[in-house]
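Hi,

Here is the structure I promised to pass on. Have a look at it first, and my notes follow underneath.

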Amino acid sequence: MNEQFQRCIEACYLCATACDNCATSCLQEEHVEMMRDCIRYDIQCAAICRVSAQLMAQKSEYAAQLCKLCAEICDRCGDECGQHEHDHCQHCARACHQCAEACRTMAGTA
């Protein structure tokens, strides 16, 4: 498998894991209602990251298109998580922005 695909697949799975952790951790925060958007974006981001990685691994002709959308969603999730001071949110924000960059590169839109 091409090295660029492999790096992007790894970034997608790392991001999905960070989003899952962030969503679960947000549900345990004292003011969970303030974390509603963060949780929603985490769930959506994790889902598209996993699908993107799957299509790249399958060398799908749709992988580049999906990676472009994945980059948009990762950026939005990263921006939302970055607004919160919790360690899990900050970690997630970094993983999301790194994944977005890898996906843009993969999609040829960097």
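**Charges, core and cysteines**

Let me start with Arg 40: its charged end sits over the ring of Tyr 41, 4.7 Å from the ring centre. Before going on, please keep in mind that this is a predicted model. As for ring-on-ring pairs, the count of aromatic pairs comes to zero.

Arg 40 also has an acidic partner. Its salt bridge is with Asp 37, and the closest N and O atoms are 3.1 Å apart. The two sit three residues apart in helix 2, so about one helical turn separates them. Both ends count as partly exposed: Asp 37 has 35% relative accessibility, and Arg 40 has a relative accessible area of 38%.

How many salt bridges does a search of the whole structure find? Five. Besides the one above, here are two you may want to click on.

- Arg 7 and Glu 3: their side chains meet at 3.7 Å, N to O. Both lie in helix 1 (residues 3-26), four residues apart, or about one turn of the helix. Glu 3 counts as exposed, at 56% relative accessibility.
- Arg 50 and Asp 20: the closest N and O atoms of this salt bridge are 2.3 Å apart. This pair links distant parts of the chain, with Arg 50 in helix 2 (residues 36-57) and Asp 20 in helix 1, 30 residues apart. Arg 50 is partly exposed at 34% relative accessible area, and Asp 20 is partly exposed too, at 33%.

Now for the inside. The largest nonpolar core has 41 residues, and the ones with the most contacts inside it are Cys 12, Cys 49, Met 56 and Cys 74. Helix 1, helix 2, helix 3 (63-82) and helix 4 (87-107) each supply at least two residues of this core. The largest share, 12 residues, comes from helix 1.

Cys 74 is a handy place to centre your view. Setting aside neighbours within four places in sequence, Cys 74 is in contact with Cys 15, Cys 45, Cys 49, Cys 96, Cys 99 and Ala 100.

With those cysteines in mind, how many disulfides does the structure hold? Zero. A disulfide is a covalent bond between the sulfur atoms of two cysteines. Two cases show how the distances work out, the cut-off being 2.5 Å between the sulfur atoms. For Cys 38, the closest cysteine sulfur is in Cys 81, 3.4 Å away, so it is too far for a bond. For Cys 70, the closest cysteine sulfur belongs to Cys 103, at 3.8 Å, and that is also too far for a bond. Cys 38 is buried, with a relative accessible area of 0%, and Cys 70 is buried with a value of 0% as well.

One last residue, Ala 23. Its place is in helix 1, and at 9% relative accessibility Ala 23 counts as buried. Leaving out neighbours within four places in sequence, Ala 23 is in contact with Ile 39 and Asp 42. You can also check Ala 23 against Cys 89: they are 66 residues apart along the chain, and their C-alpha atoms are separated by 8.7 Å.

That's the lot from me. Over to you!

Cheers

Key: Residues numbered from 1 in each chain as written. Predicted model: local features only at pLDDT ≥ 70, side-chain atom pairs only at ≥ 80, totals over all residues. Heavy atoms only, no water. Salt bridge = Lys/Arg side-chain N within 4 Å of Asp/Glu carboxyl O. Buried < 20%, exposed > 50% of the residue type's maximum accessible area, 1.4 Å probe, protein only. Phe/Tyr/Trp six-rings, centres within 6.5 Å; stacked < 30°, edge-to-face > 60°. Lys NZ or Arg CZ within 6 Å of the ring centre and 35° of its normal. Core = buried A, V, L, I, M, F, W, Y, C linked by side-chain atoms within 4.5 Å. Contact = heavy atoms within 4.5 Å.
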